[in-house]
Amino acid sequence: MQKALIVCFTVAAVSIGALAGADGHISDKQIETAVKARKAHMQLYSFHLATLGGMAKEEIPYDADTAAAAADSIAALSGISQAGYWLPGSDNASIEDTRALPAIWEDGSDVGAKAGAFVEAALLMQTAAPTGLAALQGAMGPLGTSCGGCHQNYRQSNN
Amino acid sequence: MRVTKGFVLKTLVLTGVLIAAGLWLTRPQHLSSDALVGTVAEPRRGAIVYAAMGCASCHMAPDTEDRQQLAGGKSFTTDFGTFYAPNISTDPTFGIGGWSDIAIATAILKGTSPDGQHYYPVFPYGSYGKADRQDIADLIAYLRTLPADQTPNKPHAVSFPFSIRASLGGWKALFASPDWTVSGTLSAEQTRGRELVEALGHCGECHTPRNILGGMQRDNWLAGAAIPGSKGRTPNLRAQQLQWSANDIVAYLKTGLTPDFDSAGGEMVDVIANTRQLPDSDLEAIAAYLLIVGAE
């Protein structure tokens, strides 16, 4: 799975040919829709994390089916191709309205490996969530902190 | 007034005396040799102190995930220059393996090196100085269990006049206050939280705005601050502004997930890697303390 994700991120870098116009140009419109799509993707993670997190914090009652549905959704989302989201030129030095740092695209970027670790944590949660509250709580730490894997070096801090 | 040779000479002598007196008054401070007497060092407790103090966050090698290999080398961009974290592994030559317990405690609590120099306050002794002696004794015992590493230290790139270490005595006298910022009557839990936030966790170092000389503005305690070398700011943690429950704070320090289910970012990701190792009772104490910041 991790390999698949790394491949998927590598593809993001090399598949631009397929996404770009005949002259190799990526339009502003393409960048805009890519940014919208990746924000929506993050929003969906957050939406389903809220269900799991609410249960982990014991603010909403644990329910195995609801927990399983949320964890399945996160796992499924983590497997969706993001190849078209991360277009070169869609960083916060190039455009407004994004916090994606140029480091994502720079040499030595390990964003693919970090994303792979998140996928692993999402699969761990998928297994844990239906089995009981304690297991869900145990999987919450690895899942939550794996979000930080990318947000540590590749997302601009708020201002 | 005619400026005589005698007047010039007197002025020079007086200036020299004042500078000497200032340097003497602000000379590097040492712990007394009996400062750790009465503590019983316990490395297992020290592992928790190590996580709470975030030692690994600065001293582990950049681009590694091994939180026990304290090779140093991470760079810190500040308004005063670029600093590099030193090797604090147990290697006797390249690290601190050859230092006595008192020498290590003096470094942490007083910001003074074994050769009697001031450390730059990028090493947060201004916060650590308030730490409980028992916690420090435990920490030192734990540090001695960690592996040796033979990475040489990198010299700091600091510009004049900050390159004169003697001037740091004045900085310490002005800003490394031995007093707690939140005082008054605190519960046992809030008191433990204060030890964790104000001393060990040194949260104020990033979350409190600084004045022009780099001292923390204590009347703006934990009110959020600019992040050096970045466009971002650290968030305001004062209860009135943060508006998080104790449960929210504990969950965040365990998972890095905010009450809105966004995740921690930037340097805070690494802080969470430390705080998630703390027992629930400590995270609850941090929350109990944060909920009274700004309300006192």
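These questions and answers go through a predicted model of two chains, A and B, and the terms used to describe it.

Q: What makes a feature count in this predicted model, and how are its parts numbered?
A: Local features need pLDDT of at least 70 and side-chain atom pairs count only at pLDDT 80 or more, while totals for chains, interfaces and linings use all residues. Residues are numbered from 1 along each chain as its sequence is written, and chains are lettered from A and ligands numbered from 1 in the order in which they are written.

Q: What makes up chain A, helices or strands?
A: Chain A has six helices and zero strands. A helix is a DSSP run of H or I with at least four residues, a strand is a run of E with at least two, and both are numbered from the N terminus. From the N terminus on, the order in chain A is α-α-α-α-α-α.

Q: What share of chain A is called buried?
A: The share is 35% of the 159 residues. A residue is buried if 20 or more other C-beta atoms lie within 10 Å of its own, exposed if 12 or fewer, and partly exposed in between, with C-beta atoms placed from the backbone.

Q: How do you know that the length of α3(A) agrees with its number of residues?
A: The expected span of a helix is 1.5 Å times one less than its number of residues. For the 29 residues of α3(A) this gives 42 Å, and the end C-alpha atoms are 41 Å apart, so the two agree.

Q: Where does α3(A) bend?
A: The bend is at A:Ala50 and is about 30°. It is the angle between axes fitted to the seven residues ending there and the seven starting there. Just after α3(A), A:Glu58 takes a positive phi of about 60°.

Q: Which residues of α3(A) are buried, and what covers them?
A: Among them are A:Ala34, A:Tyr45, A:His48 and A:Leu52. The cover includes α4 (64-79), α5 (111-128) and α6 of chain A together with α11 (246-255) of chain B.

Q: How many residues does each chain give to the contact between chain A and chain B?
A: Chain A gives 20 residues and chain B gives 22 residues. Two residues are in contact if their C-beta atoms, placed from the backbone, lie within 7 Å. On the side of chain A, the elements that give two or more residues are α3 (28-56) and α6 (133-151). The largest share, seven residues, comes from α6(A).

Q: What classes of residue does the side of chain A that touches chain B have?
A: That side has five nonpolar, 12 polar and three charged residues. Ala, Val, Leu, Ile, Met, Phe, Trp, Tyr, Cys and Pro count as nonpolar, Asp, Glu, Lys and Arg as charged, and the others, Gly among them, as polar.

Q: Which domains is chain B divided into?
A: They are domain 1 (32-176) and domain 2 (179-296), with bounds from an automatic or database domain assignment. Their centres, taken over C-alpha atoms, are 21 Å apart. Domain 1 of chain B gives 22 residues to the contact and domain 2 of chain B gives 21. On the side of domain 1 that touches domain 2, the largest share, five residues, comes from α2(B).

Q: Why are β1(B) and β2(B) called paired?
A: Two strands pair if DSSP finds at least two bridges between them. β1(B) and β2(B) have four bridges, in the antiparallel sense, and a hairpin of two residues joins them. B:Thr77 stands opposite B:Thr82 in β2(B).

Q: What makes β1 and β3 of chain B edge strands?
A: The open sheet has three strands in the order β1-β2-β3, and β1 and β3 (157-158) each pair on one side only. Two bridges join β2(B) to β3(B), where B:Thr82 stands opposite B:Ala157.

Q: Why is B:Ile227 called partly exposed?
A: B:Ile227 has 17 other C-beta atoms within 10 Å, so it falls between the limits for buried and exposed. This residue lies in the loop between α9 (204-207) and α10 (239-242) of chain B. Leaving aside its neighbours within four places in sequence, B:Ile227 is in contact with A:Ser157, B:Gly232, B:Arg233 and B:Thr234.
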